[in-house]
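Open the model in your viewer and keep a selection tool ready. The stops below say what to pick and what to look for there.

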Amino acid sequence: MALSIEKSGKTVQRAINEALDELGLSADDVVIEVLDEGEIGLLGLGRRPATVRITVEGPDQDQDSEATEYYGDDEDYAGDPEMPEETETIDYVASILSGIGIHGRISSYREDDTLHIDVTGQDCGSAIGRRGETLDAIQYLASLVANKVSETRIRVIVDIAGYRRRRQDTLIGIAQRTAKKVARSGEPFNLEPMNPAERRIIHATLQDFPGVTTYSEGENAQRYVVIAPESVE
Amino acid sequence: MSREDSSLKDLLMTVVKPLVSDPSAITIKQINQGHTIVLELSVAPEDMGKVIGKQGRRAQAIRSVVKARGTRLGKRVVVDIV
């Protein structure tokens, strides 16, 4: 017996989250169909909600489907509101991007204390900048706006055209290749300067890598990770 | 580009406005020097820290964003906080 519900939200992720909350299930338990990706639009123009259909299958869902019949009280969602600072932050990022001259699409979702803002679009290079410098600036400014009024600290992560994910993959690759080389040669190796988030990726990747250890050296923007052979004493 | 392009000024205003407590005191003067465009930003005295930040971090971020627009226009942009 299959049960399906349709849900709309500001973004696909939000619609999915809301539907899953309502069903009390995780994404692994259901089939998710995106009926309409929606459009957040820039500066509030062309806004259209995203719509998803969530289907629950399997015999062990029978009790759950019963329960959902009675679940319809919107007051229960008071804990998952759209915070005003969230909207302000998203609008801020949207207006910066359109000011730079980027035309893309913004989606966002909240994960605990982190607000993820993802931008997709063509010709985004200038909003990313060399080594993600502009992207980091946008993210930093967005987090200032998000935390201006909020009492609890909100972390903001802005990604444009999947840059951060790709960069992370690249960094993991660099870390592993360099660590192998260092373990073989016994010679320490200095990586190029990186920001704290990038250095953290290197340290985390090599935490349990046999035969090498990592630490950072240098000041501020010139700080870099050293991959060194583990001292055998 | 003979016509004055206000997109840099507009972007700078967009970026700075939510950071300060007195947005009405923001003024931006644009000076075109050929290939270089200088933007002179001034804010209320009590808002100076909010646009400069610790070790100039906010100022740096503001410059980064405005420069991205400059790159698209093929111009060098200097943001002076005065």
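## Chain B

In chain B, 59% of the contacts with a separation of 6 or more are between residues 24 or more positions apart, contact meaning heavy atoms within 4.5 Å. This is a predicted model, in which local features need pLDDT of at least 70, side-chain atom pairs count only at pLDDT 80 or more, and totals for chains, interfaces and linings use all residues. Residues are numbered from 1 along each chain as its sequence is written, chains are lettered from A and ligands numbered from 1 in the order in which they are written, and side-chain values use heavy atoms, with hydrogens and water left out.

Color chain B by secondary structure. Three helices and three strands should appear, in the order α-β-β-α-α-β along the sequence. Helices (H or I, at least four residues) and strands (E, at least two) are DSSP runs, numbered from the N terminus. Of its 82 residues, 44% count as buried, that is, under 20% relative accessible area, with exposed over 50% and partly exposed in between (1.4 Å probe, protein chains only). The accessible surface of chain B is about 4,300 Å², and carbon and sulfur atoms hold 49% of that; such areas come from the Shrake-Rupley method with a 1.4 Å probe, and for residues only the protein chains shown count as cover.

## Two helices in chain B

Select residues 7-16 of chain B, helix α1, together with α3(B). Their axes come within 10 Å and cross at roughly 155 degrees. Axes are lines fitted to C-alpha atoms, for helices over the stretch in contact, and angles run from 0 to 180 degrees between N-to-C directions. The pair is therefore roughly antiparallel; the label applies to angles over 145 degrees, while those under 35 count as roughly parallel, 65 to 115 as roughly perpendicular and the rest as oblique. Show side chains at the contact: α1(B) supplies S7(B), L8(B), L11(B), L12(B), V15(B) and V16(B), and α3(B) supplies I62(B), V65(B), V66(B), R69(B), G70(B) and L73(B). These divide into nine nonpolar, two polar and one charged. Here Ala, Val, Leu, Ile, Met, Phe, Trp, Tyr, Cys and Pro count as nonpolar, Asp, Glu, Lys and Arg as charged, and the others, Gly among them, as polar.

## The end of chain B

Next pick I81(B) in strand β3, residues 76-81. I81(B) is partly exposed at a relative accessible area of 22%. E40(B) is 41 residues away along the chain, yet the two C-alpha atoms are separated by 5.9 Å. Leaving aside neighbours within four places in sequence, I81(B) is in contact with L41(B), M48(B), V51(B), I52(B) and A59(B).

## Across to chain A

Keep helix α3 of chain B (residues 57-73) and add helix α3 of chain A (residues 84-100): the axes come within 8 Å and cross at roughly 30 degrees. That makes α3(A) roughly parallel to α3(B). I96(A), G99(A) and I100(A) meet V65(B), A68(B), R69(B) and R72(B). By class, the contact has four nonpolar residues, one polar and two charged.

## Chain A

Now show the whole of chain A, with seven helices and nine strands. Buried residues make up 42% of its 233 residues. Its accessible surface is about 12,900 Å², 47% of it belonging to carbon and sulfur atoms.

Finish at Y109(A), in strand β4, residues 104-111. Is Y109(A) buried or partly exposed? At 23% relative accessibility, Y109(A) counts as partly exposed. R14(A) lies 95 residues from Y109(A) in sequence and 6.1 Å from it in space, C-alpha to C-alpha.
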